[in-house]
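Here is a short report on strands, a helix and internal space. Look at the structure first, then read on.

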Amino acid sequence: MAMMPVLDRRLPASGDEPAIQLPSRPRILVLRACRTPQFASAIARLRGMYPEAHLTALAPTNVHPETRTAGADDVIAYGSRRFGLLHAPFHLLARLRRAQFDAVAVPQMTDDFASHANVYRFVLALGTRAVVLLPVGVATRSFRGTAFARFVAWESLLGVARGHDVPLMLALLTIAAVKGRWHRTWPPRSHAIPPRRRVLHIITSLGVGGAQLQLAELVDRTPADQYDVEILVLGRGDEEFSVQRFGRRDVTIDYLEAWPLLSASILEIAARCRRERYDIVHTWLFYANFVGAAGARLAGTPYIISGVRNLSLWKRAWNTKWWYRLADVLAARVPDTLTVNATPLVADHQWWACTRRDMPVVPNGLNPSRIVPAAVGARAWLRTELGLAADATVVGTVGRLAPEKAQSIFVRAVAEARATRPDLRAVVVGDGECGASLKALADELGVSDIITFMGRRADSRRIIAGLDVFVLTSASEGFPNVLLEAAFLGTPAISSDVAGSVDVLDSANDVFPVGDVDAAAARLLDRLSCPQTAQTRASVVRTRAYRLFTADTMTARWLALYDRAPNRACDGGDSQH
């Protein structure tokens, strides 16, 4: 599959930027703000950039000799040991301003702004026309005077944000929520639909995940002649997994520079949306839903769609922070359209976010042509892989080994079912923080000999296709793609009664209460006791999946929302608490 071009706006680790044009024999003031070896290296870099330059060093008196030895043409010495407006004598500052150097160069031990803030402010006070920053081991950065002033102002703002990030983020999110309510209650005039609308997708990361897969399926099916698509990622993380799934060559991926600062990320997104004038901003996952939507709303983006993709339980039980609910309450009021990917999420998010907004359900969709081939010969292959007889009974579960996936219920259910079915064998596919505790539990229950922990596998679909029954025991989900994969593969499946599992299976006989080991074991034994009935039921689920949950169907639902965007901007508001 073709790789998408990736736009990376971060500075390279090596290789200097093109030098700013200066007079043929420029006079450059070099600040001695580092140790002698690093200062000498910076002088050499400047000589390479400006061979005819006259380099005047500004250095404390106690390092005057070694500063000249390092390569400076002359040295202005002063008594203080530190640079900065509070440490520079007024007469020195006045003298340097009168000298009217063509540029000021700042050698640096690191590329950290906070460590050099006083130096930067000193440079601003000099009023120079050009500034060259020379961090050790990092590319040289050159600025015109006004650009450097903007750089210092922005970095200073980031410094404030680091100390008060969450309160500042909530303040910006509150403003965006007010603007969102105003936008829906008193909408602007409808504008003409452009021939090719600009869409920006904002997602938390491009690592392993169901949302990332859905984004890839949607982007690849979005008509290129109607939509100009870009993707903005908050964090880099594991960026290889999902990037390789994209097929369109005309879609670029960019990464947020301000992340993980929440308030600064909102402002950067706002600046980007204001500059690029997107017609639609579509946000994915929790952080993107408030950071991305808030930035787009502050920029005046005409249409914003946010997608809630999981039950609120994970924000209450496993990853609790005091501001999560407040952020969701505010974020629910920002977009024009707030969607969910499973029917039960509507009531859950209305309660969690204290809103009565209508939430269109856009279920996940997969491409059957990529899944179904895994079923060929899977049953025999899996038993050979496990070293079992060809007629062995094997059940299994697939997923990240995390608290919300609750695979401990699966291990306990297998242990309970074994009393009735001593021939039972099981597999657990995946890795994660709960791996060790799950193996310890299997040892404790005496089933470590019949449960194989297979780890993270690239062939998980083939494993699912080879099972007699697939079991999902999650305590929290959105729309479980793995259950949908089992449906397309024709594998009988049972699941905890959580979020989108009911949407996929569409039968109370295929689900059991969350956390109920006895019910899970009973459902499992029921499917194993009558394989023909289980296969018949799997065929019904598969037919339904082809009708409702393909990637084409999912894309059609999203595009329908996109197509309504200009008109929805003129609809009335919503009713909220």
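Two strands pair if DSSP finds at least two bridges between them. Helices (H or I, at least four residues) and strands (E, at least two) are DSSP runs, numbered from the N terminus. The model is predicted: local features need pLDDT of at least 70, side-chain atom pairs count only at pLDDT 80 or more, and totals for chains, interfaces and linings use all residues. Residues are numbered from 1 along each chain as its sequence is written, and side-chain values use heavy atoms, with hydrogens and water left out.

**Strand S8 and its partners**

Strand S8 pairs with S7 and with S9. Both pairings are set out below.

| Strand paired with S8 | Sense | Bridges | Residues opposite each other |
|---|---|---|---|
| S7 (residues 197-203) | parallel | seven | Ile-203 and Val-233 of S8 |
| S9 (residues 252-255) | parallel | four | Val-233 of S8 and Tyr-255 |

Val-233 thus has a place in both pairings: it stands opposite Ile-203 and opposite Tyr-255.

S7, helix H7 (residues 210-221) and S8 form a right-handed β-α-β unit. Right-handed means that, with the strands pointing away from the viewer, the path from the first strand over the helix to the second runs clockwise.

How many residues of S8 are buried (under 20% relative accessible area, with exposed over 50% and partly exposed in between; 1.4 Å probe, protein chains only)? Seven of the seven residues at 227-233 are, so the strand is largely enclosed by the rest of the structure. One side carries Tyr-227, Val-229, Ile-231 and Val-233. Asp-228, Glu-230 and Leu-232 lie on the other.

**Helix H9**

H9 (residues 262-276) has 15 residues. From first C-alpha to last it reaches 21 Å, close to the 21 Å expected at 1.5 Å a residue, taken as 1.5 Å times one less than the number of residues. Its buried residues include Leu-262, Ile-266, Ile-269 and Cys-273. Glu-268 and Arg-272 are buried too. Just after H9, Arg-277 takes a positive phi of about 55°.

**Internal space**

A cavity is a set of points on a 1 Å grid over the protein atoms alone where a 1.4 Å probe fits but cannot get out; lining residues have an atom within 4 Å of a point. Volume is the space filled by probe spheres set on the points. Four cavities of 30 Å³ or more are counted. The largest holds about 80 Å³. It is lined by 13 residues, and Thr-491, Pro-492, Ala-493, Ala-538 and Val-541 are the closest to its centre. Helices H19 (481-489) and H22 (531-548) each supply at least two lining residues. H22 gives the largest share, four residues.

Definitions and conventions. On a 1 Å grid over the protein atoms alone, a cavity is a set of points where a 1.4 Å probe fits but cannot get out, and a pocket is an open set with protein on both sides within 12 Å along at least five of seven lines; lining residues have an atom within 4 Å of a point.
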